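Me: I should like to learn how a protein structure is read, one feature at a time. May we work through an example together?

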Amino acid sequence: MRTLALLIVVAHSTALGARAVDSSPVALVTGASSGLGECFAEALAGRGFPVVLVARRAERLEALAAKLRTERGVEALVVVEDLADPAATERVAAAVGGREI
């Protein structure tokens, strides 16, 4: 059985990835490689939110991140994880670093 996980969190942050950004909210979107997750990521980026994209499919996440950076002008961090793995949330938190998410 497949599990669908969609989580969107918006928090204030002072950095995304290695580059500093302003203190605007950051959106964390799981399931971002397709479907509703991808739609939410595009909508949030369209509103100017920097995004953290989480899903299992690296190629799709990278393509979406490149699209959002180019077309929406936002920062986009890719985190490849399968959230069906109980340890995945810890790895996502580690990838996001000390940001408030």
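**Reading the fold step by step**

Reply: The chain contains three helices and six strands. Please keep in mind that this is a predicted model.

Me: In what order do the elements of the chain run from the N terminus on?

Reply: Starting at the N terminus, the order is β-β-β-β-α-β-α-β-α. The chain has 101 residues, and 35% of them are buried. Its accessible surface comes to about 5900 Å², and carbon and sulfur atoms account for 54% of that area.

Me: How should I read the side chains of a strand?

Reply: In a regular strand, side chains alternate between the two faces of the sheet. Strand β5 (residues 51-55) offers a case. V51, L53 and A55 point one way, V52 and V54 point the other way, and all are buried.

Me: Why is β5 described as largely enclosed by the rest of the structure?

Reply: Five of its five residues are buried, so β5 is largely enclosed by the rest of the structure. V51 illustrates this: its relative accessible area is 0%, and buried means under 20%.

Me: Which strand is joined to β5 by five bridges, and is the pair parallel or antiparallel?

Reply: The partner is strand β6 (residues 76-80), and the two strands run parallel. Within this pairing, V51 of β5 stands opposite A76 of β6. To pass from β5 to β6, the chain goes through helix α2 (residues 58-72), and this β-α-β crossover is right-handed.

Me: How might I follow a single residue of β6?

Reply: One may ask where the residue lies, how accessible it is and what it touches. V79 is found in strand β6. Its relative accessibility is 5%, and it counts as buried. Beyond its neighbours within four places in sequence, V79 is in contact with V52, L53, V54, A55, L61, V92 and A95. Distances between C-alpha atoms can also be read: those of V79 and R57 are separated by 9.6 Å, and these residues are 22 apart along the chain.

Me: What separates the C-alpha atoms of V51 and A41?

Reply: They are separated by 7.0 Å, with their positions 10 residues apart along the chain. For the chain as a whole, consider the contacts with a separation of 6 or more: residues 24 or more positions apart account for 50% of them.

Me: How is a nonpolar core to be read?

Reply: One looks for buried nonpolar residues joined through their side-chain atoms. The largest such core here has 17 residues, and V51, L53 and L68 are those with the most contacts inside it. The elements that each give two or more residues to this core are β4 (25-30), α1 (35-46), β5, α2 and β6. Helix α2 supplies the largest share, four residues. Apart from this core lies another, of eight residues, among them V26, V54, L77 and V96.

Me: I understand the nonpolar part. How should I read charged side chains?

Reply: Side chains of opposite charge can pair when their charged atoms come close. Three salt bridges are counted in this structure. In one of them, the side chains of K67 and E42 meet at 3.0 Å, N to O. K67 belongs to helix α2 and E42 to helix α1, so the pair ties together parts that are 25 residues apart in sequence.

Me: Are K67 and E42 buried or exposed?

Reply: Each falls in between. K67 is partly exposed, with a relative accessible area of 33%. E42 also counts as partly exposed, at 21% relative accessibility.

Me: Which residues are linked in a network of salt bridges?

Reply: E81, D85 and R91 are linked in this way. The side chains of R91 and E81 meet at 2.9 Å, N to O. R91 lies in helix α3 (residues 88-96) and E81 in the loop between β6 and α3, so this pair ties together parts that are 10 residues apart in sequence. The side chains of D85 and R91 meet at 2.8 Å, N to O.

Me: How accessible are E81, D85 and R91?

Reply: E81 is buried, with a relative accessible area of 14%. D85 counts as partly exposed at 32% relative accessibility, and R91 counts as partly exposed at 35%.

Note on methods. Residues numbered from 1 in each chain as written. Predicted model: local features only at pLDDT ≥ 70, side-chain atom pairs only at ≥ 80, totals over all residues. Heavy atoms only, no water. Buried < 20%, exposed > 50% of the residue type's maximum accessible area, 1.4 Å probe, protein only. Pairing = 2+ DSSP bridges. Right-handed = clockwise from strand over helix to strand, strands pointing away. Core = buried A, V, L, I, M, F, W, Y, C linked by side-chain atoms within 4.5 Å. Contact = heavy atoms within 4.5 Å. Areas by Shrake-Rupley, 256 points an atom, 1.4 Å probe, with all protein chains shown as cover. Salt bridge = Lys/Arg side-chain N within 4 Å of Asp/Glu carboxyl O.
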